[in-house]
Amino acid sequence: MSLHRGLAAGVLAFLTIAFAVGTQAPAVAQETTDPAPVGSVGIRLLEAPVSLQDDPRALAYIIDNLPPGTTITRRIEVSNSSDQEQALSLYPAAASIGAGGDGFEVGDDRAVNELTTWMSVTPTDVTLAPNSVAEAVVTIAVPPDAPEGEQYAVVWAQTSAPPTGTGIQNVSRVGIRTYLSVGPGNGPAADLSIDSVAAARGDDGVPQIVASVTNTGGRALDPSGTVTLSGGPGGISTAPVQGSGGSVAPGQSGQVTFSLDPALPAGPWQASVTVTSGLLNKTSDVEVTFPDQGSASATSEDSGGVPVWIWIVVAIVVVGVAAGALVTIRRRKTG
């Protein structure tokens, strides 16, 4: 398979786990998706399919659609930016996407799923001198009888510190997400819809715009986007504000949340919300007013919904017609 090489990609995940050795109780695990801090171990993808070289997700994650019986390889780079030698273990582990837009979730330790049984990393162990890098190769061999559909995993680079005097050992790992679709041709297309937009306030009172989205395609999405407010009180407007949400599997729904300036007046505002994932780009324009607390929905112009005020008018008309009919019936009975 032809590959586009030398792509820039950052560290994708950083996981620090403290666990007990022997009979000691485990410490609480901590996880963040921020890049690894300076002076630590890092990992990045070095190549992606030519067909996806314009897709920003494919520059950071291992993403592909493969027919059963196909084998591919991806070069990755691990780095040690600390001033100490680091011994790394390289391996795949299971991942999933939580229901309801809970995001990309990694399994515990070396968790296994069907995809990880098709994956290997060579070499499996690397020792890096201070401020050095090394390359490794991830191989995915899809068996001929593999089921069609999308599966998820992560390729980890893990380093372990010696146990402390209390029997606690600190383990740090950084990883690259893997989204693999199995099926013929180019695989199912990715698509999404913006179902609704709501103006809300967080628990701290900060105004928010929350866009509810549904993955209407056949590939997982990592939605993010921007919102711009205009036509506010006195004709004021805002600069674009960025927001993000968790990964959304096909057929599932999630949210993209935009946190705004706490000093922003309630409105009304014209909100232009753009949600993207890879090369996908959808926009919805709505009118919103921020509530004193909680949230207030607004129907997007392209969602096909009916504004609330129309339903109010319809209800008034229905009540009026019913009242008129009742008066007519009573008159006939007394006539």
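This report covers the overall make-up, aromatic pairs and salt bridges of one chain.

**Overall make-up**

The model is predicted. The chain contains one helix and 22 strands. It has 335 residues, and 43% of them count as buried. Among contacts with a separation of 6 or more, 71% join residues 24 or more positions apart. The accessible surface comes to about 16,800 Å². Carbon and sulfur atoms make up 54% of that surface.

**Aromatic cluster around Tyr179**

The count of aromatic pairs is three. Tyr61 and Tyr179 form a tilted pair, with 5.5 Å from centre to centre and 40° between the planes. This pair links distant parts of the chain. Tyr61 sits in the loop between strand E5 (47-49) and strand E6 (62-66), while Tyr179 belongs to strand E14 (residues 168-182). They are 118 residues apart. Both Tyr61 and Tyr179 are buried.

Phe104 also pairs with Tyr179, again in a tilted arrangement, at 5.4 Å centre to centre and 50° between the planes. Phe104 lies in strand E9 (residues 103-106) and Tyr179 in strand E14, so this pair ties together parts 75 residues apart in sequence. Phe104 is buried, as is Tyr179. Ring pairs join Tyr61, Phe104, Tyr152 and Tyr179 into a cluster.

**Charges over rings**

Arg57 lies over the face of Tyr179, 4.8 Å from the ring centre. Elsewhere, the charged end of Arg173 sits over the ring of Trp156, at 4.1 Å from its centre.

**Salt bridges**

The structure holds eight salt bridges. The table gives three of them, including that of Arg57.

| Pair | Closest N to O |
|---|---|
| Arg57 and Asp222 | 2.8 Å |
| Arg74 and Asp64 | 2.6 Å |
| Lys282 and Asp191 | 2.9 Å |

Arg57 lies in the loop between E5 and E6, and Asp222 in the loop between strand E16 (207-215) and strand E17 (224-230), so their bridge ties together parts 165 residues apart in sequence. Both Arg57 and Asp222 are buried.

Arg74 and Asp64 meet in a salt bridge. Arg74 is in strand E7 (residues 71-80) and Asp64 in strand E6, 10 residues apart. Arg74 counts as buried at 2% relative accessibility. Asp64 is buried too, at 9%.

Lys282 and Asp191 form a salt bridge as well. Lys282 is in strand E21 (residues 280-288), and Asp191 is in the loop between E14 and strand E15 (192-201), 91 residues apart. Lys282 is partly exposed, at 29% relative accessibility. Asp191 is partly exposed at 30%.

Salt bridges also link Glu47, Arg75 and Glu135 in a network.

Notes:
Residues are numbered from 1 along each chain as its sequence is written. This is a predicted model: local features need pLDDT of at least 70, side-chain atom pairs count only at pLDDT 80 or more; totals for chains, interfaces and linings use all residues. Side-chain values use heavy atoms; hydrogens and water are left out. Rings of Phe, Tyr and Trp (its six-membered ring) pair if their centres lie within 6.5 Å; planes under 30 degrees apart count as stacked, over 60 as edge-to-face and the rest as tilted. Helices (H or I, at least four residues) and strands (E, at least two) are DSSP runs, numbered from the N terminus. Buried means under 20% relative accessible area, exposed over 50%, partly exposed in between (1.4 Å probe, protein chains only). A charge sits over a ring if NZ of Lys or CZ of Arg is within 6 Å of the ring centre and within 35 degrees of the ring normal. Contact means heavy atoms within 4.5 Å. Accessible areas come from the Shrake-Rupley method with a 1.4 Å probe; for residues, only the protein chains shown count as cover. A salt bridge is a side-chain nitrogen of Lys or Arg within 4 Å of a carboxyl oxygen of Asp or Glu.
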